[in-house]
Amino acid sequence: MHINIKEDDLASIKSWFSAFVNTFKKGGPDILENIKLKEDHTQRVCKEILIIGKQLGLNKDEMYLAEIIALLHDTGRFEQYARYGTFNDKKSENHAELGIKVLQENNVLDHFQDTVKSIIVKSIRYHNYAVLPDDEDEITLFYSKMIRDADKLDILKLITEYYHRNNGKRNPVLELGLPDTPGFSYGVGEDLKNKRAVNFKNVHNLNDFKLMQAGWIFDINYKPSYELIRKRRYLEKIREVLPDTPEIDEVFPSLL
Ligand SMILES: [Fe+2]
């Protein structure tokens, strides 16, 4: 399919997005910090998707489309935080669907051809699915896989920096309030031994959470993303902040 997107389309979406985010910048320092956290995440995911896209050989218009998806993938986070004061979908609502609603209400995607609009909406919808649907068209899956990889790459950067921070200050938002208890859960070990991404239902403590993040290696779609994880040593950095026990060695994923 031929994607047709103009540079102006990207520019106008960028300016809509930054004006939109600015409307949430009010309130105390905690609120501002969490809004900035998602704003910065968005910017970095845009960069990651462009790195992946370039290595996959995308043309100019396809790169614009990838960047638009990255820019808009977490639109719902801002509304979610404003309404519920949390980034936890289980305690509020699905931020992907919330973002799609916001884009529709603001007519952000109205001037795109229907196929492009559909790729953007579905890539946002699928970015936080546990598993991608298998009955979706190829081009939608292609972009959905890109945003899923780019999103994971940035979260891996964020959390490995956090786990190796020097100030020792814990951030319950990043740790999802999980307790730092010894050992790890049986289900997490089983998922990893079977070389599959960890089911979040099995995550009960901080070690489980770290192992789940290491297990994303089983849910990476493209070679360039995989190579970036290897080069940036994300898995090694996670292993360093887990207990040095044979039980963890036994389940900890190795690069494929
Ligand atoms: Fe998200």
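**Exercise 1. What volume does the largest pocket have? Describe its lining and its place in the chain.**

Solution. The model is predicted.

Step 1. The volume of the largest pocket is about 1,300 Å³.

Step 2. Its lining is made up of 36 residues, and those nearest the centre are Arg 77, Asn 128, Phe 200, Met 212 and Trp 216.

Step 3. Sorted by class, the lining of the largest pocket holds 19 nonpolar, 10 charged and 7 polar residues.

Step 4. At least two lining residues come from each of helix 2, helix 7, helix 8 (172–175) and helix 10 (206–214). Helix 7 gives the largest share, 6 residues.

Step 5. The domain assignment divides the protein chain into domain 1 (7–154) and domain 2 (178–251). Both domains contribute residues to the lining of the largest pocket, so the pocket lies between them.

**Exercise 2. Which elements give two or more residues to the lining of the second largest pocket? Begin with its volume and lining residues.**

Solution.

Step 1. The second largest pocket contains about 370 Å³ of space.

Step 2. It is lined by 14 residues; Glu 33, Tyr 162, Lys 169, Asn 171 and Leu 174 are the ones nearest its centre.

Step 3. Helix 2, helix 7 and helix 8 are the elements that each supply two or more residues to this lining.

Step 4. The class counts for the lining of the second largest pocket are 6 charged, 5 nonpolar and 3 polar residues.

**Exercise 3. How many residues of domain 1 are in contact with domain 2? Give the distance between the domain centres as well.**

Solution.

Step 1. Taken over C-alpha atoms, the centres of domain 1 and domain 2 are 25 Å apart.

Step 2. In domain 1, 15 residues are in contact with 12 residues of domain 2.

**Exercise 4. Which residues are the protein donors of the iron ion? Work out what the site ties together.**

Solution.

Step 1. The iron ion has three protein donors listed by residue and atom: Asp 74 (OD), His 95 (NE2) and His 127 (NE2), at 2.0 to 2.3 Å from the ion.

Step 2. Along the sequence, the spacing of these donor residues is D-x20-H-x31-H.

Step 3. Asp 74 sits in the loop between helix 3 (60–72) and helix 4 (75–84), while His 127 sits in the loop between helix 6 (114–126) and helix 7 (138–163), so this pair ties together parts that are 53 residues apart in sequence.

Step 4. Asp 74 and His 127 are both buried.

**Exercise 5. How many residues of helix 10 are buried? Treat helix 4 in the same way.**

Solution.

Step 1. In helix 10, 9 of the 9 residues are buried, so the helix is largely enclosed by the rest of the structure.

Step 2. The buried residues of helix 10 pack against helix 7, helix 8, helix 9 (186–193), helix 12 (234–240) and helix 13 (246–251).

Step 3. Helix 4 is mostly covered, with 7 of its 10 residues buried. These are Thr 75, Gly 76, Arg 77, Phe 78, Glu 79, Gln 80 and Tyr 81.

Step 4. For helix 4, the packing partners of the buried residues are helix 1 (7–22), helix 2, helix 3 and helix 5 (95–105).

Step 5. After helix 4 comes Gly 85, which has a positive phi near 65°.

**Exercise 6. Is Gln 213 buried or exposed? Classify Gln 43 and Asp 219 too, and place each residue.**

Solution.

Step 1. Buried means under 20% relative accessible area, and exposed means over 50%.

Step 2. Gln 213 belongs to helix 10. Its relative accessible area is 2%, so Gln 213 is buried. Leaving out residues up to four places away in sequence, Gln 213 touches Leu 156, Ile 159, Tyr 163 and Ile 238.

Step 3. Gln 43 is part of helix 2 (residues 29–55). With a relative accessible area of 39%, Gln 43 is partly exposed. The C-alpha atoms of Gln 43 and Gly 215 are separated by 25 Å, and the two residues are 172 residues apart along the chain.

Step 4. Asp 219 is found in the loop between helix 10 and helix 11 (223–231). At a relative accessible area of 17%, Asp 219 counts as buried. Leaving out residues up to four places away in sequence, Asp 219 touches Ala 130, Arg 148, Asp 149, Lys 152 and Ala 197. Its C-alpha atom is separated by 11 Å from that of Tyr 129, 90 residues apart along the chain.

Note on methods: Residues are numbered from 1 along each chain as its sequence is written. This is a predicted model: local features need pLDDT of at least 70, side-chain atom pairs count only at pLDDT 80 or more; totals for chains, interfaces and linings use all residues. Side-chain values use heavy atoms; hydrogens and water are left out. Helices (H or I, at least four residues) and strands (E, at least two) are DSSP runs, numbered from the N terminus. Buried means under 20% relative accessible area, exposed over 50%, partly exposed in between (1.4 Å probe, protein chains only). Donors are N, O and S atoms within 2.8 Å of the metal (3.2 Å for Na, K and Ca); water is not among the atoms, so sites may look incomplete. On a 1 Å grid over the protein atoms alone, a cavity is a set of points where a 1.4 Å probe fits but cannot get out, and a pocket is an open set with protein on both sides within 12 Å along at least five of seven lines; lining residues have an atom within 4 Å of a point. Grid points are joined across faces, edges and corners, and a volume is the space filled by probe spheres set on the points. Ala, Val, Leu, Ile, Met, Phe, Trp, Tyr, Cys and Pro count as nonpolar, Asp, Glu, Lys and Arg as charged, and the others, Gly among them, as polar. Domain bounds come from an automatic or database domain assignment. Contact means heavy atoms within 4.5 Å.
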